[in-house]
Amino acid sequence: MRASRCLFGYPDIHIHGNRQAFEACLKVARAKGAERFILLGDFVGYGADPEWVVDTAMELVAGGAVAVRGNHDQAVNSSAETMNAEAQIAIEWTRGRLDAAQRRFLAELPMLVADSDRLFVHSEASSPQRWHYVRSTADAAKSLIATPAHVTFCGHIHRPALYSMSVTAKMTSFVPKTDVPVQLLRGRQWLAVLGSVGQPRDSDPSASFVLFDTVSCQITYCRVPYDIASAANKIRENGLPPWLADRLSQGR
């Protein structure tokens with residue numbers, strides 16, 4: 001029996017309170033046919049609209065979306081999470097903006113979710129609670145070895161990348177091109193690092209998200225321009241560190 005087609009939208013990686021970027025990605029993902037959303041954490045931190053972003057994530061989850069916890073989400077409810085000075089200022093400001101229901105939503109998010117032959121995690125699969133970055137094929141291999149999933153989807157590092165491992169543990173990696181579908185062959189395991197909606201760091205300031213077709217097993221990396229000036233101005237208006245606003249236009 002032929003599997004039913006479902007086009008997953010992954011527009012929720014490092015939103016970081018950036019309403020303008022999140023709205024733009026949701027709109028484009030829906031226009032491209034996304035039927036279900038996967039939300040990979042870091043709903044808050046850095047940006048000036050944490051309440052709206054968390055409320056929107058809660059609505060999506062209530063409608064069938066999958067969501068996992070990011071390190072900034074955890075930091076809202078745990079003083080044990082350490083951040084750099086600017087990130088810490090933003091987290092402390094965010095704590096004062098979120099109500100009890102919004103904070104509880106973040107606190108109760110799982111660290112990872114397995115769904116059929118796919119795994120969703122914010123950082124990587126071997127130790128998701130330690131927030132390791134996937135910076136190399138060695139990092140990717142460690143994550144892939146930790147799960148039998150055909151495809152693992154993660155974020156955390158804010159830069160898109162695609163890794164694969166063969167049955168003989170041979171690794172490959174590359175940076176996927178925008179709007180060019182990639183076939184995720186069944187003979188390999190794959191780790192898709194999805195980039196960032198609200199704070200890209202690959203020198204491209206446009207928001208990044210991914211579409212995945214569950215039948216064709218094709219993944220497409222997408223970039224979306226959004227109103228960076230408005231997002232940056234709101235950061236400044238709320239007295240957050242200026243660098244958090246300046247970096248949006250630089251993609252770093």
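In this predicted model, helix α5, which spans residues 100–107, has Q102, F105 and L106 as its buried residues. Because these three cover an arc of only 95° around the axis, they lie on the same side of α5. This agrees with a general feature of the α-helix, which has 3.6 residues a turn, so that residues three or four places apart point the same way. The cover over the buried residues of α5 includes α2 (50–62) and α3.

Helix α3 also bounds the loop that holds M83, since this residue is placed between α3 (71–77) and α4 (85–95). Is M83 buried or exposed? Its relative accessible area is 18%, and because the cut-off for a buried residue is under 20%, M83 counts as buried. Once neighbours within four places in sequence are left aside, the contacts of M83 are with N71, H72, A75 and Q88. For one of these partners, N71, the separation from M83 is twelve residues in sequence and 9.4 Å in space, taken from C-alpha to C-alpha.

M83 appears again in the largest pocket, whose space amounts to about 210 Å³. There, M83 is among the lining residues closest to the centre, together with Y46, N71, H72 and Y133. The model also has one cavity of 30 Å³ or more, and the largest cavity encloses about 70 Å³. Of the residues lining this cavity, G17, N18, G47, A48 and I235 are the closest to its centre. The table sets out the two linings by residue class.

| Space | Volume | Lining residues | Nonpolar | Polar | Charged |
|---|---|---|---|---|---|
| Largest pocket | About 210 Å³ | 16 residues | five residues | seven residues | four residues |
| Largest cavity | About 70 Å³ | 16 residues | six residues | seven residues | three residues |

Which helices each supply at least two residues of the cavity lining? They are α1 (19–31) and α7 (228–237), and α7 gives the largest share, which is three residues.

As to confidence, the mean pLDDT of the protein is 91, and 94% of its residues reach 70 or more. Over residues 1–6, however, pLDDT stays under 50, although the model has 13 contacts beyond four places in sequence for this stretch. Where pLDDT is low, the predicted coordinates should not be read in detail.

Technical notes
Residues numbered from 1 in each chain as written. Predicted model: local features only at pLDDT ≥ 70, side-chain atom pairs only at ≥ 80, totals over all residues. Heavy atoms only, no water. 1 Å grid on protein atoms, 1.4 Å probe; cavity = no way out; pocket = protein on both sides within 12 Å on 5 of 7 lines; lining within 4 Å. Points joined across faces, edges and corners; volume = space filled by probe spheres on them. Helix = DSSP H or I, 4+ residues; strand = E, 2+ residues; numbered from the N terminus. Nonpolar A, V, L, I, M, F, W, Y, C, P; charged D, E, K, R; others polar. Buried < 20%, exposed > 50% of the residue type's maximum accessible area, 1.4 Å probe, protein only. Contact = heavy atoms within 4.5 Å. pLDDT = per-residue confidence, 0-100. Arc of directions from axis to C-beta.
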